Amino acid sequence: MQPGNPGQDPYGQQPNQDPTAPQPPHDPYGQPPAAPYGQQPANPYGQPPAAPYGQPPVSGQPYGQQQPPYGGGPTYPNAGYPQAQGQNNTLGLVALILGIASIPLACCPLLGIPVGIGGAVTGYLGRQKAAQGQANNAGQAKAGLICGAVGVGLGILAVVLSVALNVGLPTQP
């Protein structure tokens, strides 16, 4: 401190206080101390101050209107993965499933032969759709056609062998 008035800071700040002097107890749950000289107290919770009467709310929405609930953003016509338009690949997939299933079911002629026929027919129809450009899975349809034909052939072979050798094959799975 500089010479002058004792106990007063020359820079206009509060006078120095003795840190060892007893302080009044501070209640952490009580009211915060009032701001000096009519200033607005700082908000200790970081929330924006409420709008005074007569002013629009802080969100900018007029009274009585609510914001729409949270939802997805706008969608754009060609966003995401490109998808082929007008492709019908169902027949090729069904043919492949039925054709593969007909091979192990060939030991049961009541199941293996009809499933194999279904696989061969849907495989043929799937190949026709692929040739017309309505499907793009000609390979699946061809595999279903072949597996279905093999399943039918194995089913017929199992029936012939069971009759010729008089061996009882299971008729149900």
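Select N89 and N137 in this predicted model: the backbone oxygen of N89 lies 3.0 Å from a polar atom of the N137 side chain. Keep N137 selected and add Q140, whose side chain is joined to that of N137 by a polar contact of 2.9 Å. The side chain of N137 thus appears in a pairing with the backbone of N89 and in another with the side chain of Q140.

Next, display the surroundings of N137. This residue sits in the loop between α2 (109-132) and α3. N137 counts as buried because its relative accessible area is 9%, and the cut-off for that class is under 20%. Beyond its neighbours within four places in sequence, N137 is in contact with N89, G92 and L93.

Move now to A95, in helix α1 (residues 90-102). Is A95 buried or exposed? A95 is buried, with a relative accessible area of 0%. To see what surrounds A95, select G119, T122, G123, A141 and G144; A95 touches each of these residues, with those up to four places away in sequence not counted. A distance label from A95 to A120 is also useful: their C-alpha atoms are 6.7 Å apart in space, although 25 residues separate them in sequence.

Select residues 91-124 as the next step. UniProt, in an unreviewed entry, places the feature "transmembrane region" at residues 91-124 and also at 145-169. In the model, residues 91-124 are 82% helix and 0% strand. A label between the C-alpha atoms at the two ends of this segment reads 9 Å.

Then turn to helix α3, residues 138-165, and pick V150. V150 is classed as partly exposed because its relative accessible area is 39%, which falls between the 20% and 50% limits. Extend the selection to I103, I146, L154, L157, L161 and L165 and show the surface: together with V150, these residues make a nonpolar patch of about 590 Å².

Finally, zoom out to the whole chain. How many helices and strands does the chain contain? There are 3 helices and 0 strands, following the pattern α-α-α along the sequence. Colouring by relative accessible area will show that buried residues make up 17% of the 173 residues. The chain exposes about 14100 Å², of which carbon and sulfur atoms supply 61%. In a contact map, among the contacts with a separation of 6 or more, 66% come from residues 24 or more positions apart; A95 and A120, visited above, are 25 residues apart in sequence.

How values were computed
Residues numbered from 1 in each chain as written. Predicted model: local features only at pLDDT ≥ 70, side-chain atom pairs only at ≥ 80, totals over all residues. Heavy atoms only, no water. Patch = residues over 30% accessible without salt bridge, like charges linked within 9 Å, V, L, I, M, F, W, Y side chains within 5 Å. Areas by Shrake-Rupley, 256 points an atom, 1.4 Å probe, with all protein chains shown as cover. Salt bridge = Lys/Arg side-chain N within 4 Å of Asp/Glu carboxyl O. Helix = DSSP H or I, 4+ residues; strand = E, 2+ residues; numbered from the N terminus. Buried < 20%, exposed > 50% of the residue type's maximum accessible area, 1.4 Å probe, protein only. Contact = heavy atoms within 4.5 Å. UniProt positions renumbered as here; feature names shortened; annotations may be inferred. Polar contact = N/O pair within 3.5 Å; in protein donor to acceptor, adjacent residues only side chain to side chain.
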